[in-house]
Amino acid sequence: MEITPEDAAKALQEIKLSQAAMRSAIRSHRGHLFLWLWGAIWCAMATLNWIDPFRFATANNLLTAAGVLASFAIGIIQGRQINSRVDRRFVGVVAAVLLFGYGVIPLVTHSFQASYAEGYAVSMLTWMLVYVIGGIWFDTYWLWVGITVTALILAGYLIWPALFWGFMLLAGLMLVGTGFYVRHFWR
Amino acid sequence: MEALDATIHQPARLQIMSALTQLDQDERVDFTFLKDRLALTDGNLGAHLTTLEGRGYIAVDKQFVGRRPKTYVKATAAGRHAFASHVAALNAILSPK
């Protein structure tokens, strides 16, 4: 098969356009909706807890439940468009981390009974461990999200406890910002 | 030197392969979603997918989600290799060594 340089240039241009269109579509399936959703929920929870964690305990639970339901809905809708085989080994690792973070370790440390902030920190650190493992496992941005939010949680909890909820607000804003980055610039 | 692939070079198939090779290795895309992205008709996309599948460049997976049939498409390793070779051949025409 022989073609002219003009035809080759035209074909390469077509390839670039198709790739750019598909990349944009793929980027819309790389988790930005989850980051926006949970970033907004973190911001709301941090603000409410900053005011009074015990007064807004029910609101916190409702926000979490709404987030979980919305996450399932997004996952189902987007999974029908672009999906891949479920990595059962990774699902097993996540289950083990959550079991230890919420079940086994608190039996020894009693972290969910100490204070609301401590329980919250342990809970979020457990999820950030999932992010870090997922980031390494799939070579994705989850890794630096996990590391950065972990640093914010530790800084707020250990160094500036009076500003703990402010740091959680910052973590929520960081998730929202990462969502914009993923939607527009991620590979 | 890489050779041009006549199967891939057809404009619609070039579009399809360009799009599918952007997905990760294990990822697959829904037929309707792909059709909308590429602005092709059902029949047109279906016919080209059959040609590409016949060459082993893509894998087509048909399944039911609830009661609705869904068709998923992904580029195979052979398809990715053939597409990369085709792009290399196009580049070679523009800047021969």
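The exercises below work through the contact between chain A and chain B in a predicted model.

Residues are numbered from 1 along each chain as its sequence is written, and chains are lettered from A in the order in which they are written. Because the model is predicted, local features need pLDDT of at least 70 and side-chain atom pairs count only at pLDDT 80 or more, whereas totals for chains, interfaces and linings use all residues, and side-chain values use heavy atoms, with hydrogens and water left out.

**Exercise 1.** Find how many residues each chain brings to the contact, and what area is buried between chain A and chain B.

*Solution.* Begin with contact, which means heavy atoms within 4.5 Å; chain A brings 25 residues and chain B brings 28 residues. Next take the buried area, the accessible area (1.4 Å probe) that two parts lose on being put together, summed over both; between chain A and chain B this is about 2,400 Å², with 68% given by carbon and sulfur atoms. Of the area that chain A buries against chain B, Met1(A), Met22(A) and Asn83(A) supply 24%, more than any other three residues.

**Exercise 2.** Work out how many salt bridges are counted between chain A and chain B, and which elements of chain A supply at least two residues of the side that touches chain B.

*Solution.* A salt bridge is a side-chain nitrogen of Lys or Arg within 4 Å of a carboxyl oxygen of Asp or Glu, and the count between the two chains is three. One is formed by Arg30(A) with Asp24(B), where the closest N and O atoms are 3.7 Å apart. Turning to the elements, helices (H or I, at least four residues) and strands (E, at least two) are DSSP runs, numbered from the N terminus; in chain A, helix H1 (5-27) and strand S1 (82-84) each supply at least two residues of the side that touches chain B. The largest share of that side, 13 residues, comes from H1(A).

**Exercise 3.** Follow strand S1 (residues 27-30) of chain B and state which strands pair with S1(B).

*Solution.* Two strands pair if DSSP finds at least two bridges between them. Across the interface, S1(A) and S1(B) pair in the antiparallel sense over three bridges, and Ser84(A) stands opposite Glu27(B). Within chain B, S1(B) also pairs in the antiparallel sense with strand S3 (residues 68-75), over two bridges, where Val29(B) stands opposite Val73(B). S3(B) is in turn joined by eight bridges to strand S2 (residues 58-65) of chain B, and these two strands run antiparallel.
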